[in-house]
Structure formats: C-alpha cells, structure tokens
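Q: Could you walk me through how to read salt bridges, helices and surface charge in a model like this one?

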Amino acid sequence: VVAAPLDPQETTGAVRADLSESNDGAFPQSVASGGPTPSGAIVWTRVDPQRAAASDGPLRLQVVEAPDRKTANDAAEFDDATTYDLETGALAAARDHTVSVDLDGELDADRFYFYRFVLDGTASPVGRLRTLPAADASPERLRLAVTSCNNYLDGYYGAFAHVAEEAVDYHVSLGDFIYEYGGAGQQVGRDIVLPSEAGRDSGKAHTLADFRHLHRTYRSDEHLRAAMERHTLVHTWDDHEVVNNRWWNDEQDAPGTASHPYGGDPERMRELYAAGITAMAEYLPLRVEFTPPEEAPEDATAQDYFRLYRSFRFGDLAELFMTDERLYRDPPPEDALGQRDVALPPSPAADDLDRSMLGLDQLEWFLSGGDNPGGLAPTDGLLGTDAHWKLWGNEILTSPLQAVKARQLTFELNYDAWDGYQAERRFIMGRVARRDLDNFVTLTGDMHSYVAAYMKEEYDDAERVEQLPGVPDDRVGVEFMTPGVTSDNLAASAKLPGTRSEDAIDRIVRSMNPHMEWFNSSRYGYTVLEFTRGGCTYTAYGVDRAEDSADAARTLLRTYRVPSGRYELQEFATAPRDKRVGSLVADSTTQDPDEVEMIGASGASDGGPAPGTPTDGGPNGDTDGGDGSDEEGASAAGTPTPEDETDDGLFGDDEDEDDGLFGDDDGGLFGSLRGPGGDGR
Amino acid sequence: MSDGPDGQAADLSRRSLLAGVGASMAAAPALVGSASGTDASGAIGQGPQGVHLAYGFDPASMMTISWTGRLLGGAAVRYGDPGDLDTTVYPEDAPVPGLDGGVYTARLTGLAPDTEYAYEIDLNGERKRGRFRTAPGRDRPDDHGGSTDAPVAASDTNSGRFRVTAVGDHGIADPTNVVQRADTKDPNKVVELARSRDPAFHIIPGDIAYANGVPGTWEQYFETFEGFYGETPLMTVPGNHEAEPGTGLLQYDRRLNDAMPTYDPGLNIEAKQRWYHFVYENALFMGLNTTADACGDIGRGEEYIPLYDPRCETEAGLTYGEIQGEYISETLAWADEQPHIDWKVVFFHGPLWTTSPDHAPRRDLRKRWGAHFDEYDVDLVLSGDNHVYERTRPIVNADAGAYMRAVENGDDPPEIDWTHGTTYVTNGTGGTSHYELGPPEEFLAVQDGDHFGVTELDIGAESIDVRYVAMPPIGDRDPADVDPQETATVVDEFSIVKDEQGRPTQATLVDRAEPTPSLSVSGERRDDGTVFQPGGTNQVTLAVTGANDAVEVRDLVPDSWTVTTDDEGVPYGDATRVTSGPGGGQYVYFGDAASRSTVRYFVRAPDELGGGGPATFGPFEARGTDRFADSDWQAVSGTESTEVTVGLPGSGL
C-alpha cells in the first residue's frame with residue numbers, strides 16, 4: 001500500500017551472504033524504485049502468486065550503498081547490506097501480490113543504493129535507487145532520462161534498454177506509461193488479451209483485473225524491467241493510465257471521456273477511475289497521496305482519494321513540479337458544434353476564462369506552493385522556489401501547435417492539450433513573465449513527438465527576440481517534449497513516409513509556429529536532460545521500435561542547450577536528414593569488427609603517407625569497386641527533394657484532400673492527434 | 001594494424017557467406033590514418049578523408065568529427081563502445097571552395113566521461129573507423145553519484161595529470177602548391193613527435209596548413225595527419241595564413257571553425273565567432289582570433305588587419321577586437337568564480353611578447369587583452385606566428401609594457417616585479433621554417449631558434465609542467481631515418497605554480513615520473529554458442545577491435561576441451577601452436593597471424609556428459625609486437641565466454 005508503506009524492521013544476518021539471484025520466476029515483474037526523498041525512496045516488487053501462496057514468508061529486503069555510479073546492478077555485493085523483514089501481509093493477494101516499501105528516513109541523501117528482495121532463499125533481480133540531494137545541498141549536475149507514451153501494442157522497448165544504460169540520476173516518466181488498450185499488436189508477440197469480456201470486446205480496459213493485467217504485461221518486458229531496475233522513477237500520468245482524452249465533469253462530480261463505452265455514465269466512470277488508479281498505485285513506485293477507494297468514504301471521488309501532483313527538489317539546483325493535467329481539468333471546449341477535444345473548426349470556448357486545466361487548488365499549489373506527499377518537503381511553488389532550474393513536468397504540449405488553413409485564420413490542432421485551455425496557460429505564463437522568472441523549463445510528452453520550443457505569454461506576435469534587437473524579450477521559458485517510446489507518432493498515424501518526411505514536417509510546422517525550434521513526429525525514442533548551473537542540455541535520441549533488442553538501433557537526433565539566465569535554444573547537432581540517404585546507408589551496411597583495421601596499431605600512419613606514394617592501408621585502400629553501385633543505390637533509394645516531400649500531401653493545398661496533414665478526417669496529421677478512430681493511441 | 005592479405009581473405013569469406021553483402025563487402029572500413037584514395041593533387045575522393053576530431057562545449061560528453069568527401073548525400077557516423085557501435089548520428093555538410101566536395105561535421109553529444117569510444121564514418125558506401133577518449137568528468141570520476149561531492153581536483157599524481165601538446169605554424173610539404181611554405185618532412189616529424197607524447201588533445205594556435213589559396217593543400221594536410229587528428233582532438237584558432245587570397249577564412253571556417261565549440265547562429269560575418277573556450281578537468285582553455293578578414297581589402301593582400309580597425313566594426317558598433325575583449329573579460333571572470341578551475345590557458349596566433357623581428361609583438365593587444373589576462377591571473381598564453389620558441393618571464397602586461405616602452409625610448413626603465421604574472425610562450429616551430437631571433441630582451445627567459453617541436457603541458461593540481469620537446473630539423477638526412485622519439489630532447493622545461501597570493505609564477509620543474517604509455521587492447525570473442533553436445537566443435541573467432549600497437553594474441557582453452565588439428569597435428573584455422581596453460585587448460589597461439597585483426601581456431605567439446613560443468617574460454621590475451629614489444633601478455637577484458645556441454649554424445653541417438 002503506497003500511502004501506508006510497510007514499516008521496515010531492521011534485522012541482520014537473516015539472509016545467507018552467498019545468496020544469488022535464481023531465475024525461478026518468483027519475481028516475474030522484477031523490481032523497481034521511485035518516489036525519491038532525501039532520505040529514501042520507494043522500492044517495489046511483485047511476488048509470483050503461487051510462490052506467495054506457498055510461502056510462509058518472511059519477505060525480506062536488502063539494501064546496500066553502491067560503491068559508485070558505474071557499478072552494474074548484477075555486480076552489486078550485499079555482504080554489508082542492511083536487511084529488513086517486511087510485514088506479513090506483504091505477500092497478500094489484496095494488492096495483486098505487489099509490494100511497495102517506503103525507505104524514507106532510512107538512507108543517506110544523494111546516494112545510489114542497490115536493493116533486492118528475498119523470499120525463501122530466492123533473491124529478486126537487483127535494483128538500484130537514488131535518493132534526492134538534501135534540500136540545502138548544491139549539486140553540480142542533474143541528469144534525467146525522460147520517457148513517455150509506451151504503447152505496448154505499437155512496438156518494442158529498445159528505447160528502455162538504452163535508458164537503462166544511460167548514466168542518469170533519475171528516470172522521469174511523463175505519462176501514458178500504460179495504455180488501456182488490448183488487442184492485436186503491431187509487432188510479433190505484442191498482443192494483449194484483456195481478462196474481462198467487455199475489455200476484450202471493446203479493446204479497452206474495463207475492470208481492475210484488466211488494468212492489473214496491462215501493468216503486468218508491460219512490466220514483463222525485459223527492457224522496461226531493465227530501465228526500472230536501474231533508475232529511480234519519477235512519474236506523472238497522462239490520460240491512458242485510465243482512458244483516452246479524459247477530464248472531470250464538475251456537474252456530475254465524475255470523470256468524463258468520449259473514448260470509452262462508460263463515457264456518459266458518471267457512476268461507471270468513477271469505477272473505471274478507481275480501477276485504473278488502484279492498479280497504477282499497486283504497480284508503480286509512486287510517492288503520492290492515495291487511499292484505496294474501498295477504504296475511502298462512500299461518496300469520495302478520485303479527486304478525494306488520490307493526489308498525484310507533487311514536487312521534487314534536487315538541492316538548490318532544480319525543483320521539478322510534477323503536475324496532474326487529467327484529474328481536475330474542465331471538459332473540452334463546447335460550442336454550437338458540441339463538446340470536443342478536436343480543434344477543428346476552432347471553438348471560441350477554447351479561450352474561456354473560467355476553464356481550468358489544473359483546477360484551482362493545484363494551480364495555487366503550482367504557482368505559490370503548499371504541501372507535498374509524505375517525505376517530500378513543502379514547496380514554495382514555481383514562483384517562490386529558490387532552485388536554480390524551475391522544471392515543470394507536465395504531460396501535455398504546453399506551447400501552441402497551430403496550423404494556418406486560410407490566411408486570416410489561425411487555429412490550434414488539439415484541444416486535449418493546453419491549446420484547449422488557453423486562458424489558464426496565459427495566466428500561468430503571465431505570472432511567470434511578471435516575476436521575470438529565469439531558468440523555467442517545461443518537460444512534456446503525450447504527443448509522440450520531439451519539440452523544442454519557447455514558452456511565451458502571447459503566441460500571436462512574431463517571434464521577436466532575435467529579429468528586433470532592443471525589443472524586450474517576450475520568452476518566458478522553454479519547452480522540451482520527449483517522444484513516444486513506442487506509441488504511433490503522427491507520421492505513422494497519418495501514414496506518412498516514415499523519417500523521409502520529417503524535415504519537411506519540421507519546416508512547415510515551424511513556419512506556422514515560430515515559437516518552435518524543432519518539431520519531429522517521425523521517430524520514437526527518449527530524451528536526456530542535463531542541468532548544471534551553467535546550462536540545461538536536451539539530447540534527443542531515436543530508437544527503432546521495430547527491433548526487440550537491447551541493441552536496437554539508436555540515432556542521436558539533436559542536442560539543444562539553454563544557457564543559464566536567458567531563454568535561447570542553442571542547437572548543437574543539426575542535420576537536415578531529408579536531403580541525404582545516410583540513414584539508408586546506415587541501415588543497409590553492417591559493421592563487422594572482422595573487417596576493421598584500427599587506428600594507431602600499425603604505427604605506419606604516424607607521419608602520414610607521402611603524396612603519391614602507395615598507401616599503407618593494404619587492400620583496403622584499393623577496395624573501392626563498389627562505389628558506382630553505391631551511388632546508384634543512393635539515388636535509387638529515392639532521395640526525396642524538399643519539393644517531393646511537400647507534394648506528399650502532408651499539407652494538402654487542395655481543400656478537397658482529406659488525407660493532408662491538416663485534413664479533416666482521421667487520416668491526416670490533425671486526425672492523428674486523436675489517433676486512428678479517434679482513440680488517440 | 002594492417003590486415004595482411006590472408007586476414008583480409010579470411011574475413012571476407014566469412015562475411016560474404018553470412019551477410020551476403022555483395023559489392024559493399026569489398027569496402028571494408030579503413031582505419032583513420034590508413035590513407036586511401038587521395039591522390040597527390042589533393043582532390044576530394046568518394047569516401048571520407050582527412051578525419052579530424054575536436055571537443056564540443058563539454059569535452060567530457062561531446063566530440064565533433066569532421067572530414068571531407070564528395071557531397072553525394074549519404075553520410076553517417078556510427079559510434080559507441082568499441083564492440084558495439086549502437087548509435088548513429090548524421091553530419092552537417094558544407095561545400096568547400098575550389099574542390100568538388102565538402103566538409104562533413106558530425107557532433108556527438110551525450111557521451112560518457114573518461115570513456116573510450118569507437119566511431120565509424122560511412123560516406124557514400126565507404127567506411128573509415130577510429131577511436132577517441134572523452135575527457136574525465138570533473139565531478140564524476142568514481143563519485144558516488146556524488147553530485148554534491150566536493151569538486152575533484154586532479155590530484156597531483158601522475159594519474160591525475162593530463163597532457164596537452166601545442167605548436168603553431170605547421171604546414172605540409174605539397175609539391176603541387178607553388179605558394180606553399182613547408183618543403184620538408186619536418187611537419188610530419190613534429191606530428192609524429194606530438195603523437196608519441198600521447199596528449200589528451202593538441203592545440204594549433206594558427207597557421208595550420210599554409211594552403212595559401214590552394215584548397216588541395218588542406219586535403220593533403222588532413223589526409224596526412226589523419227592518424228593523429230583522427231584520434232586526438234585538434235583545437236585550433238586561425239592565423240594569418242588562414243586568411244587566404246581570394247577566399248579569406250572560408251576554408252578555415254568550414255574545415256575547422258565549424259568543428260570548434262563555438263555557438264554562432266548569426267550571419268554577421270564581421271562578428272563571426274572564431275573564439276571559444278572549454279574546460280578540461282581543472283583547466284580553462286580559451287582560444288582567440290587575432291586574424292580579422294571580413295573588413296580587410298583582400299585585393300591588397302592585407303595579411304594583418306588590426307582587430308581594432310574601425311573597418312571591422314560590427315552591427316553592434318563594436319570592432320572585432322572589442323567583441324573578443326568583452327568575451328575574454330566575461331569568460332575569465334566566470335572561470336575565476338569556478339572553484340574547480342585551477343588554471344587558465346589562453347591561445348591565439350599573434351604573440352604579445354616576442355623578439356623575433358618577422359612579426360612584431362601585438363602591442364595593441366597587450367593593453368587591451370593583456371589587461372584582462374593581468375586582472376584574472378591567466379597562467380599561460382600560447383602563441384605562434386614567429387617560427388621560434390620563446391618563453392617569457394612571468395609578465396604583468398601593465399608593468400612590463402611600461403618597462404619596455406622606457407627601454408625602447410632609451411629611458412631608464414622602472415623597477416618592476418618579474419616574479420609573478422602570465423607566462424607567454426611563442427612556439428611557431430611546427431616545421432615550416434625558422435625565423436631570426438631578436439635580442440634577448442629583459443622579459444624573455446628562454447629563446448631557441450634551432451628546433452622543431454611541441455610545447456607540452458602536463459597539468460595537475462599543483463602545477464602546469466611545461467616542456468619544449470623538440471628536435472633539430474631533418475636537414476640533409478633521409479626523413480625515413482629520423483626517429484623523433486630518438487632525436488627529440490627537452491629544450492626547455494619549467495613549471496607554472498601559484499605564489500602565496502595565488503598568482504601564477506614560474507618554478508623549476510620538479511621531475512615527476514612521466515606517465516608511461518602502456519599497451520591498450522580491446523577485443524571481442526565470437527564463437528558458435530554456449531551450449532554444446534559432447535564432442536561438438538566450437539569455432540572461435542578472436543577479433544582485436546582496438547589496440548595502440550600491433551599485437552599478437554593467444555587464447556586460453558579450458559580444461560578438457562581440445563584444439564582440433566589435422567592428422568599431422570597442425571591446428572585448423574589460424575592457430576599455429578598449442579601449449580599447456582593454467583588450470584589444466586591450453587594456450588593457443590597464432591604465430592605470424594599477429595598482424596591480423598581476427599584469428600580463428602576450432603575446439604572440440606569434452607566427450608563426457610556435462611564436461612565437468614561450465615567451462616570458461618579466455619579472456620584472450622594480447623602482447624605488443626612493435627611499440628610495446630616488451631609488454632607482458634595482457635588479458636583483453638570482456639572476452640570470456642562460458643560454454644556448457646549438455647545432452648548425449650554426438651554419436652548417441
């Protein structure tokens with residue numbers, strides 16, 4: 001039980017020193033850690049139900065300080081570990097045999113620890129956790145791996161394997177950790193059969209058993225397990241932890257959505273939320289306020305028994321505000337054409353002053369501060385914090401994504417994001433601007449895209465910082481979006497030609513959204529954010545979701561740096577990929593150490609060859625016989641020109657074209673924001 | 001190491017069978033430094049050539065790889081752990097004037113500190129591979145995560161020190177270039193010498209290729225020195241010879257400035273940034289530009305445009321010199337506040353303090369930039385321009401400037417304090433020529449005009465140990481007979497330390513045992529699997545994926561496995577000899593296969609069921625055969641493999 005963590009009682013000598021992991025299935029979802037505090041973190045595991053039933057316990061937990069940040073989990077030594085006996089009941093079926101142990105108060109600040117669970121002489125895989133720095137510490141560096149949108153059906157988790165390898169301090173998850181969907185996967189072995197009949201019929205989770213099954217399935221993936229074993233999770237949800245594109249209907253005091261059979265039924269929606277939230281609280285190591293719904297007062301709603309928003313302080317270097325954009329938000333804009341989360345045609349209600357995304361209490365907490373769930377110190381809020389970097393972990397696109405269809409008309413694409421709650425966005429950005437807040441960085445997800453953008457109070461003006469010297473800076477922060485790990489991106493949803501169209505899309509999206517520096521919705525992967533007192537660095541990786549391997553091909557896409565004290569996105573690595581076939585070459589050639597000669601080994605190249613003399617390269621120097629065909633291959637691969645791409649129908653000049661980027665039907669990019677069939681996958 | 005014909009054939013046969021790569025299999029990756037393809041005309045070939053590295057903003061996590069090649073559209077760099085190039089990045093490209101091709105610049109970010117990486121450039125189907133090492137992360141070596149740990153200054157031990165080499169006015173003998181400067185192999189020997197000193201990175205403070213308007217000389221330059229620059233980051237600033245007739249600094253900008261850690265999104269050519277800084281462990285390095293060309297009259301062939309010439313005024317109303325002045329002041333002030341930065345080293349082309357009459361000292365910069373160096377206690381300034389070696393006494397520009405003005409005016413110079421201040425080293429002895437030495441002025445400590453060589457900095461917590469490691473010109477000797485490691489001597493050596501007030505001063509160099517370079521080998525093992533039937537045969541392939549010497553290898557075969565041989569006892573595959581090894585195992589040697597990057601042999605699993613339990617092959621071991629010929633056998637980490645024998649004997653069932 002997360003909100004009432006098991007109280008560890010220290011014991012020693014209870015576990016054999018030579019115990020090693022035995023791969024006998026006792027801990028099928030392995031281990032995980034999350035919710036760090038300066039003196040602990042939550043560690044998690046799940047015991048195989050049959051093993052739990054057959055065991056008298058006790059379940060034990062061992063924790064030992066890691067010798068350094070490099071040591072691999074499987075090289076951990078537990079000789080000097082502290083051993084905890086966990087309360088009987090940890091093996092109970094009530095929480096689906098999941099166990100969350102809060103170590104807050106047990107550990108030293110700013111440290112890595114290894115941990116493992118032990119049951120009846122069987123050790124779990126080794127996990128690693130990291131505590132937060134003390135509130136008054138001055139860390140030099142903070143590195144975060146950031147992920148979102150892990151639709152299991154859509155692809156493999158090679159990106160998580162790479163995340164596991166990253167030398168980061170924490171893993172920030174920005175929601176859609178699971179999807180409510182079952183059914184056939186896009187890849188071999190990625191099907192999900194939901195337990196409930198309604199779930200199987202609709203392809204959407206209906207019951208607690210459905211949600212538990214989804215979490216178990218996702219966490220059975222070895223790459224996701226590896227990432228969870230290696231890094232401490234800081235998570236906020238988005239819609240799919242329960243149901244697509246959801247909101248809160250104040251009149252009914254119940255959740256709403258247009259994407260589920262229960263959508264119009266307040267009571268069943270409350271039950272759906274109870275199931276989704278309960279399963280998430282069971283399966284993820286979350287530091288939140290949560291009372292199991294069955295223990296809550298009878299008329300309590302999710303807003304009463306669950307609070308997700310909280311802030312994590314990394315000494316005085318950074319404070320990360322993890323907000324909840326789903327539990328309190330008002331229904332989508334409604335006008336004469338009805339209530340909808342799609343933004344075409346534009347709705348005047350998108351700008352309504354009384355529509356809120358965060359809800360009043362959370363908004364007040366976010367801006368001005370308040371308490372935090374157990375173990376986390378109260379915050380002074382975004383406007384009050386003295387942390388150098390003010391980080392906002394926020395599931396959904398914060399800056400606008402606009403499209404211009406006709407000359408006079410600007411409209412947004414997706415009312416499910418902050419574009420549907422423009423008044424509140426303007427309010428927040430206005431407060432930030434009035435305070436002249438520096439080093440404000442928003443981390444977002446949800447849209448299965450990479451975005452590097454400036455946040456502003458007003459987006460209608462031209463981007464002014466560089467063009468007109470002397471005009472005051474109107475940027476109030478930067479936004480970095482992390483892409484989907486697997487979930488269909490817009491190019492996939494719109495059936496655009498993969499990465500070949502990515503730079504054309506980037507150009508056109510930026511032309512309509514001058515506050516954006518980069519937009520890419522043609523790849524999958526993750527990002528790494530690094531913060532020092534000198535600057536913030538955003539590194540974007542693409543990872544092939546079609547390869548079920550820890551070595552799935554990874555591409556370094558871009559790196560941006562934001563210097564401390566001013567809002568300027570400085571790009572390090574830029575390559576207009578659409579005019580080259582490098583990626584095709586890279587994909588088609590194999591690397592084989594057999595064929596590699598190494599630098600410096602022969603000593604022959606020290607002085608370099610004399611001009612005109614035979615080279616020292618041996619046969620390699622002469623093996624250029626394939627050049628001609630390579631060249632031909634390049635052109636045969638159809639290197640697209642920019643003209644080609646813009647003719648792909650991405651932006652369908654022709655008003656009658658429905659499959660253009662901004663076509664009205666589902667096939668277009670606009671439609672894909674809802675996803676195929678409007679499900680927003 | 002070079003593949004012998006045999007090794008090549010063996011590799012290709014396997015590859016072609018397994019992967020069926022057809023035509024592209026012939027294009028096995030070359031190593032950087034094994035020049036291939038460029039002819040003497042300096043034309044740009046199809047594949048990558050002239051590879052050179054530079055640090056990004058953060059040497060611990062960023063590296064830039066540049067090369068030239070045809071702009072046909074297919075370029076990528078794969079990089080990663082030497083055994084696993086799992087990440088791809090695509091380069092930017094830009095044409096270079098005067099050649100059919102362009103410069104590719106790939107920026108690698110997100111690298112782990114103090115880590116060896118391999119990279120493979122893939123251009124138009126041709127591949128070239130090299131390696132580099134990232135800088136140690138200042139706050140990350142074996143910290144406990146310890147982001148709050150006290151800053152780790154390099155301890156004053158050998159392992160905590162790092163080495164940098166620097167020399168300006170380099171060049172390359174290019175017989176096709178009638179306006180070339182270098183016409184001997186001395187520049188090649190200087191690179192050989194620098195490389196033998198094994199620096200973390202190499203600085204050229206200007207006058208790099210002396211192309212002087214002939215682009216092919218740039219190609220020759222980078223092609224020739226690829227073996228060094230392709231593994232050792234090259235940090236440069238422009239000299240007057242980078243401002244070339246007709247094209248100005250364009251060749252430099254495309255080939256080198258774009259690779260330096262500048263951030264310059266603007267298009268203002270007058271203000272184009274050719275200055276930058278980076279922090280390596282406990283030292284700030286700041287490169288500056290004393291060559292402004294955008295406002296000069298190229299037609300007049302002005303070699304030297306005053307940086308404070310109002311013709312160079314930018315939109316912001318600042319001269320090129322003033323912009324840099326602001327940058328210098330801000331950067332040094334910032335560095336001064338960083339507790340972990342012990343040293344400030346600045347490099348640029350035109351020297352402030354020199355006697356050689358060919359290029360007068362930059363008196364204008366003494367007053368302007370020099371004031372910042374004084375204020376922030378810059379420890380060392382490296383320049384070139386004059387083809388001599390000169391080391392000053394510690395100088396405070398304001399005082400020494402007044403002193404020299406008095407001397408030059410024939411007045412009695414004021415009493416000044418030469419005991420602290422910045423040391424200025426002019427070293428333009430890259431191999432192009434020598435200039436006259438001027439009179440040994442009071443501000444000079446050492447001058448030398450007889451050698452070519454590098455200024456070597458060994459930087460630790462307590463001192464910068466400086467040596468001028470240099471050799472006489474080749475002269476009439478056959479270049480092939482000149483071994484820089486044998487002929488080079490330490491012409492000058494001193495230390496820069498801090499006085500009681502924390503100001504830089506000079507001291508006699510306290511001899512520390514030099515870090516001894518040692519054999520470093522990485523490799524991989526591939527075999528047929530991990531589970532064998534009794535009596536089954538395992539084909540083992542050992543690959544050396546990286547080594548700083550030619551090596552021979554041997555493998556350790558576990559007890560009860562048998563190296564298979566023909567009837568005459570000759571092992572199959574590449575093995576030549578089998579001896580008994582530890583633990584009842586056997587060593588397999590490969591004789592003259594030492595020059596190959598991969599070797600194969602075959603072993604037979606034990607006949608009995610279980611085979612006595614899991615058996616571990618390796619790790620295989622390597623021994624240097626050239627540079628480290630006296631090295632011991634050294635295990636190649638990560639090349640163990642454990643095999644289990646299960647099931648019935650192959651003859652059963």
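A: Sure, and let's start with the salt bridges. A search of the whole structure turns up 65 of them over all chains. Keep in mind that this is a predicted model.

Q: Give me a case in chain A: which residue forms a salt bridge with A:Arg60?

A: The general idea is to look for a side-chain nitrogen of Lys or Arg within 4 Å of a carboxyl oxygen of Asp or Glu. Here A:Arg60 pairs with A:Asp85, and the closest N and O atoms are 2.5 Å apart. The pair links distant parts of the chain, with A:Arg60 in strand S4 (residues 59–65) of chain A and A:Asp85 in strand S5 (residues 82–85) of chain A, 25 residues apart.

Q: Is A:Arg60 buried or exposed?

A: The cut-off for buried is under 20% relative accessible area. A:Arg60 comes in at 18% relative accessibility, so A:Arg60 counts as buried.

Q: What about chain B: how far apart, N to O, are B:Asp458 and B:Arg163 in their salt bridge?

A: The side chains of B:Asp458 and B:Arg163 meet at 2.8 Å, N to O. B:Asp458 sits in strand S20 (residues 452–459) of chain B and B:Arg163 in strand S10 (residues 162–166) of chain B, so this pair ties together parts 295 residues apart in sequence. Both B:Asp458 and B:Arg163 are buried.

Q: Which residues are linked with them in a network of salt bridges?

A: The network takes in B:Arg163, B:Arg197, B:Glu456, B:Asp458, B:Arg467 and B:Glu493.

Q: And where in chain B do B:Glu408 and B:Arg363 lie?

A: First, the contact: their side chains form a salt bridge at 3.4 Å, N to O. B:Glu408 is in helix H8 (residues 397–408) of chain B and B:Arg363 is in helix H7 (residues 363–375) of chain B, so the pair ties together parts 45 residues apart in sequence. As for cover, B:Glu408 is partly exposed at 45% relative accessibility, and B:Arg363 is partly exposed with a relative accessible area of 40%.

Q: Now helices. What span should helix H10 of chain A have, at 1.5 Å a residue?

A: The trick is to compare the expected span with the distance between the end C-alpha atoms. Helix H10 (residues 422–435) of chain A has 14 residues and should span 20 Å; its end C-alpha atoms are 20 Å apart, which agrees. Right after H10(A) comes A:Asp436, with a positive phi near 55°.

Q: Which residues of H10(A) are buried?

A: An α-helix has 3.6 residues a turn, so residues three or four places apart point the same way. In H10(A), the buried residues are A:Gln422, A:Ala423, A:Glu424, A:Arg425, A:Ile428, A:Met429, A:Gly430 and A:Val432.

Q: On to surface charge. Which residues form a negative surface patch?

A: Here you look for exposed or partly exposed acidic residues that group together. This patch is formed by A:Asp250, A:Glu251, A:Asp253, A:Glu298, A:Asp299, A:Asp304 and A:Glu334. One of its members, A:Glu298, is in the loop between strand S15 (289–290) and helix H7 (302–305) of chain A. At 83% relative accessibility, A:Glu298 counts as exposed.

Q: Last one, loops: where is B:Glu436?

A: B:Glu436 is in the loop between strand S18 (423–427) and strand S19 (444–448) of chain B. With a relative accessible area of 57%, B:Glu436 is exposed. To read such a loop in space, compare sequence separation with distance: B:Glu436 and B:Asp450 are 14 residues apart in sequence and 9.9 Å apart, C-alpha to C-alpha.

How values were computed
Residues numbered from 1 in each chain as written. Chains lettered and ligands numbered in written order. Predicted model: local features only at pLDDT ≥ 70, side-chain atom pairs only at ≥ 80, totals over all residues. Heavy atoms only, no water. Patch = residues over 30% accessible without salt bridge, like charges linked within 9 Å, V, L, I, M, F, W, Y side chains within 5 Å. Areas by Shrake-Rupley, 256 points an atom, 1.4 Å probe, with all protein chains shown as cover. Lys, Arg positive; Asp, Glu negative; His and termini not counted. Charge placed at Lys NZ, Arg CZ, Asp CG, Glu CD. Helix = DSSP H or I, 4+ residues; strand = E, 2+ residues; numbered from the N terminus. Buried < 20%, exposed > 50% of the residue type's maximum accessible area, 1.4 Å probe, protein only. Expected span 1.5 Å × (residues − 1).
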